Every structure is written in structure tokens, then in C-alpha cells.
Amino acid sequence: MAVGAVAPSGRGREFDGKITFAVCMTCVVAATGGLIFGYDIGIAGGVTTMEPFLQSFFPFVLKQMSMSKARDGYCMFNSQSLTAFTSSIFIAGLAASFGAGKVTGAFGRRASMLFGGIAFLLGSFVSAGAIHIAMLIVGRLLLGLGVGFINQSAPVYISEMAPSQWRGAFVMGFQLCVTIGVIVASVVNYYVAQLRSAGWRLSLGIGAVPAAILVTCSLFILDTASSLMQRGRVQDARTALQRVRGPDVDIDAEIQALAEEGKKFQATEKPFRNMLARRYRPQLVMSIAIPFFQQLSGVNIIAFYSPVLLQSVGLENGSALLGAVVLGLVSLVAVFISSYAVDRYGRRILFIEGGLQMMFSYAAIACVLGLSTARSGTSALTKNQAALVLIFMCSFSASFGWSWGTLSWVIPSEIFPLEIRPAGQSISVAVNFGTTFILAQLFLAMLCNFKYWIFVFYVVWIMIMTIFIAAFLPETKGLPLEDVDKVWAQHWYWKRFVTPQQLGPSDPAMK
């Protein structure tokens, strides 16, 4: 393949690039940020079902649980202060994501990941050592600060490092680590729940391990060529790109493309304001819609509250925690499937198939609960009914894992031109955190009031977002990052906002 040759599809340029040891190791380090995020997601839902933890910080919830078991199991965990513990990390992450955009633009992707790892490390220590609720929330806020910086920078870092023809699979490494983190958290919760006493401290403290790994390794990896170029460090950018592409690869064409993008970035004075420009309308809409829809898929049911939910429909605490482990393993397999398929069959087909299967899964759960004796929450499911619920939850986890779970990191990391990339990724992460915070704060109250109808609520949203993807998201498979923005000028709807003339290499960034 000739360097800089036109792709067979005519959709953009192709650059030489191998899957080298250097690119694999740097992407593995960045993907460790996903391990941190996943561990925190998984650990919070399990810890909130542990009696010693509840006795230390939320004793009134224990009393409410004993009363609800006789009245309405759907409402046993309905406490705004308890959900504040789970969701406070996301409001901190929302605020941090905007600061992370400025840090990433000024100091690079690596610096942002390093800062995020340090903040998460401190948050893990504070959370594990908490002696009152205020200290616990401070720990969660520090964790949120770390996650905000990591989620803003790590997916973009991987996307910029990876060869374009395998970019989707590499970025999915981040979601793979998120899933592994959830599984590890579920296993830890299952075993420490049997320790009684202060086992919850161990659950919260183990998060320091992946954070320490990220901090240490971030000191030894290179920043991305795109990040170095946008800061005017041309020779360093060439050195970094040569190292990750391979010593025998001609990188001149890719360096030239990065230099053109870097000039646009340096000429851009206010990237956040520029996101409102008409030519960036497709990226702005996608940066908001995709993370917003991802959370309205109902994934928070699985991610945060699967132990709570399974306990609410009649499983004992140990069985509920073990069920969460099973769901995590299913998600892990799904991510591997997605990593294989995304750069072969494209993003759109995975989104659409996943949406259809997610709708079926949640509709089936609603039917099982609606037709069972547990429909009112006053009695437990039979073993067969509980098994059906778990099977359909696994079906949802699988379909989410190979569609919205992975692609919601891939798409935002690749659609922004360099001059607005830090700002665009910040908006995407902020929307994700903001929506997650609101839904996490409302979910237990919704579960108490909607009961099994909550699954129907999410089915409607999944239908809406699947139609949105089918109509408005163009395919980006295999395109270099420097050429992804050209697909908007060819799209039936977005071409009214973006014209080919605006995308020429000499087009100056808007001020």
C-alpha cells in the first residue's frame, strides 16, 4: 500500500502503520484508565448492599430494607443519600472533564492521564479510610476528578496512537478494561461481603492498585504525535510517530497531515465556542447525543445496580453479587466480539443490531416480571423466573457490550478534527457524566415507583436512539483521523452544514 494513497472506497487517505510493540504498550497503559473507571462502577453497586457499610453510614436504609421486604422489594434501597454516594463521582467527573480539556490541550494527553491517576489514587485512600459520610463523599469527589481527566484523555490518546485501519479495535481496549474492572469489582464484592466487618474498606481501597499502575506507567510513555504537533513540537511529534509506526515505515505523509491539522489548532483561539460553528454541527450533535443515549439505554441498571436489582426481585445478597459477576463476564465476551467486528463490518451495523437486541431483552424482562407473582414487589420470583431474568439481563449485557458500550467511546474519539478535539471530547465526557449522575440519582426512586415498567421506559428510549443512529451516523470504519470529517459532507443530512470546500487542507480554523 502506497503511503498517502487514496483508499479504494475513495473516502480518504491511507497511511502505512504496523501494530508495533510500542503502540500496543502505550495503548495498554492508556486503557488501564478504563480499568479504573470500570472498577469504580462495579464496586459502588456492590458495596451499597453490604450490611456493615450500610450500618456505618446509612443505618436508616437497613431499617427501610427490613420493612420493605415485607411490603415492596422494589423500594428497599430507595434513599437519596445512598444514591448520592453512588452518583457523586459523576458530578465531580462532569466538572473535571472541562478542566481536563484545557489541560489536555496545553500539556498533552499523557499529562491529563497522569493527573487523573493521582486524583483517583488519593480518592481510593480517602474512601477506604472514611469514618463519616462527609469523608466518604470527599473520597468519591476525588475519584470523580480522576475519572473525569482519564475519560477525557485516554480514549483520544488511544485513537491518535492506533493505526487507522485498526483504530476501532484499539479504542475498544478502553471499554475492554472497563468491563474487566467491573468483573474484578464484582468478584471482590462477592468475597469481601462474606468477611463481614470492614470488608467494604478493602473493596474501596483496591481501586488504588490500577491507579498506581497508571500513574507509574504514564511517566514512561510518549505523548501522541497529534498532541505534540498541536503544541508546535514538530520534531518530537516525528520521533513519537516513527516509534509507534515502526522504524522502517515512511511517515512523511502522515506527518504532513498532522502538521496541517496542528496549524488549524494553533490558529483556533476559542475551541469551545468554535464547536457552535455551523461546519462543526454534526460533531456537536454526536458529542451530545451518543453519550446521552448511551445512558438512556438503561445500562445504569446493569452497571451500578445489578446486585441491588437482583436482590429487589428476590435473590439473596450472595446470589445477587454472583449474578453481577456473570453479567460482567458476558460483557467481557461481547467486547471481544466487538473488537473483532468493528473494523471489519463497521460501526453502524453493531449499533443497529445491538439496539434491536437490547429492546428485545428489556421487553422480555418486563414480561417475566409483569406475569410473575413478584410484579408488585411483595413476593420473590421463583427460581425459574429469576433464571429467566438473569438470562435476559445477560442478553442485554452482550448486546450493549458489542454496540453502545464500546462504540460510545470509539465514535467521540475519532470524529473531531484536531482543532476542536480536546473541546469536543470534553463535551462528550461531560454529557456522559451529567446524564449518568441524573439517572443514577433517580434510578432507585424510579424503580420504586415504576416497578417492572421501568424496563418498558428504557425500551422506548432504545428504539429512539437506534433510529437516530440509522438516520444520522455515517460510517467511519478505516478512515484516518485526518479524513473522518469528510464523511459529513457526503451524508444526506449533514451535507447541508458541511461542504467539501470547507474541508480543504488550507482551510483556516475559525476564530
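This is a tour of selections to make in a predicted model, with what each one shows.

**Whole chain.** Start with everything displayed. The protein chain has 511 residues, of which 61% are buried. Coloured by secondary structure, the chain shows 21 helices and zero strands. For contacts, take those between residues at least 6 apart in sequence: 81% of them join residues at least 24 apart.

**Helix H19.** Select residues 404–414, which form helix H19. H19 is mostly covered, with 11 of its 11 residues buried. The buried residues include Trp404, Leu407, Trp409, Val410 and Ile411, and also the polar or charged Thr406, Ser408, Ser413 and Glu414.

**H6 against H19.** Add residues 133–161, helix H6. The axes of H6 and H19 are 9 Å apart, and the two helices pack at an angle of about 75 degrees. H6 and H19 are therefore roughly perpendicular to each other, since angles of 65 to 115 degrees fall in that class. To see the contact itself, show side chains for Asn151, Pro155, Val156 and Ser159 on H6, and for Trp409, Ser413 and Glu414 on H19. By class, this contact is made up of three nonpolar, three polar and one charged residues.

**Phenylalanine 37.** Keep Asn151 and Trp409 on display and select phenylalanine 37, which touches both of these residues. Phenylalanine 37 also touches Phe90, Val147, Val178 and Phe433, with residues up to four places away in sequence not counted.

**The largest nonpolar core.** Phe37 is also one of the residues with the most contacts inside the largest nonpolar core, which has 105 residues. The others to pick out are Ile158, Met286, Tyr362, Ile365 and Trp404. Which helix gives the largest share of this core? Select residues 347–371: this is helix H17, and 10 residues of the core come from it. Apart from the largest core lies another core, of 20 residues. Val47, Met50, Leu62 and Leu82 are among its members.

**Alanine 100.** Go next to residues 80–107, helix H4, and select alanine 100 within it. Is alanine 100 buried or exposed? Its relative accessibility is 0%, so alanine 100 counts as buried. Leaving aside neighbours within four places in sequence, alanine 100 is in contact with Ser112, Gly148, Phe149, Gln152 and Ser426. Now draw a distance from alanine 100 to serine 153. The two are 53 residues apart in sequence, yet 7.7 Å apart in space from C-alpha to C-alpha.

**Histidine 491.** Move to the segment after helix H21 (453–472), where histidine 491 is found. Histidine 491 has 8% relative accessibility and therefore counts as buried, the limit being under 20%. Its contacts, leaving aside neighbours within four places in sequence, are Ala471, Phe472, Leu473 and Pro474.

**Cysteines.** Finish with the cysteine sulfurs. How many disulfides are there? The count comes to zero. Select cysteine 24 to see one case: the nearest cysteine sulfur, that of cysteine 27, is 7.2 Å away, whereas a disulfide needs the sulfur atoms within 2.5 Å. Cysteine 24 counts as partly exposed, at 29% relative accessibility. Cysteine 367 is also partly exposed, with a relative accessible area of 47%.

Definitions and conventions: Residues are numbered from 1 along each chain as its sequence is written. This is a predicted model: local features need pLDDT of at least 70, side-chain atom pairs count only at pLDDT 80 or more; totals for chains, interfaces and linings use all residues. Side-chain values use heavy atoms; hydrogens and water are left out. Axes are lines fitted to C-alpha atoms, for helices over the stretch in contact, and angles run from 0 to 180 degrees between N-to-C directions. Helices (H or I, at least four residues) and strands (E, at least two) are DSSP runs, numbered from the N terminus. Angles under 35 degrees count as roughly parallel, over 145 as roughly antiparallel, 65 to 115 as roughly perpendicular and the rest as oblique. Contact means heavy atoms within 4.5 Å. A nonpolar core is a set of buried Ala, Val, Leu, Ile, Met, Phe, Trp, Tyr and Cys residues joined through side-chain atoms within 4.5 Å. Buried means under 20% relative accessible area, exposed over 50%, partly exposed in between (1.4 Å probe, protein chains only).
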